[in-house]
Amino acid sequence: MQKQEIWKTAVLVTVSSLLLLAACQPASTPTPISDYLSTSVAATLQAQATLDAAVSFSIQMTAAAQPTATFTLQPTLPPPPTATLPILPTQAPAAVIQPAQPVQPVAPAAPTATKVPVNLCLHAKLSSDSPLDVVRPDTDFTKKWQFQNIGTCPWDSDFDLRWVSGDDFGIKVIDLPFYVEPGGFIDVSQVFDGFTKPGVYKSNWMIFSSDGRSFGIGNNAASAVVITVEVKE
């Protein structure tokens, strides 16, 4: 719409200028009206072309004056860090508290009965014994004992003292020479051959009844009579 107004104004200005110029010229041969019209139209077209060029140039300059949008590359942001959940320590299962068991009263121990020596039928007590014998090599020695019959049965002349273990003293049986009542005493002695080599020699002996039952001294008549001799240079 604005372009058409400019064009009309230009035509009017051009026509007015031509008319004023014609009035100021001296009288001459009148120019045909067709020539004026042709000249006016040509001038108008020229003015229109000039105006179009000016408008086009103005548009181009305006467009050039507009700031060119510059696209700035935004930096690529790194992905946000992945949240790492802390590893919680594994809790041990809660201990099951057992109800306290009632304490059972401990019954007092029964007093131990004092053992009373049993009155055995066959039981001996060694009342006296010679101390450790010390002899020289190849020297005979004599062993002496005194026994008490603390059993309830008498000993007759068929009772004897026998070797049961240990060193061999050369003699295996020693006869009891006489009858011994319960509570009575008997003395026994025996000569042994000497040993050739120096050292300590031991042998164990028990009393045997006439029917072959063995007994000795100590509790329950279970301990043997020990003969010990030391041979020294």
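How exposed or buried is R162? R162 comes out as partly exposed, with a relative accessible area of 30%; here buried means under 20% relative accessible area, exposed means over 50%, and partly exposed is anything in between (1.4 Å probe, protein chains only). The model is predicted, so local features need pLDDT of at least 70 and side-chain atom pairs count only at pLDDT 80 or more, while totals for chains, interfaces and linings use all residues. Residues are numbered from 1 along each chain as its sequence is written, and side-chain values use heavy atoms, with hydrogens and water left out.

Now for the charged pairs. Side chains of opposite charge can pair when their charged atoms come close. The structure holds 4 salt bridges, each being a side-chain nitrogen of Lys or Arg within 4 Å of a carboxyl oxygen of Asp or Glu. In one of them, R162 meets D160 at 2.8 Å, N to O, and D160 is buried at 8%. Another links K172 to D168, with the closest N and O atoms 3.9 Å apart; K172 is partly exposed at 39%, and D168 is partly exposed at 42%.

Then there is the sulfur chemistry. The count comes to 1 disulfide, meaning a pair of cysteine sulfur atoms within 2.5 Å. This disulfide joins C121 to C153, S to S 1.7 Å. The torsion about its S-S bond is about -120°, so the disulfide is left-handed. As for accessibility, C121 is partly exposed at 25%, and C153 is partly exposed at 22%.
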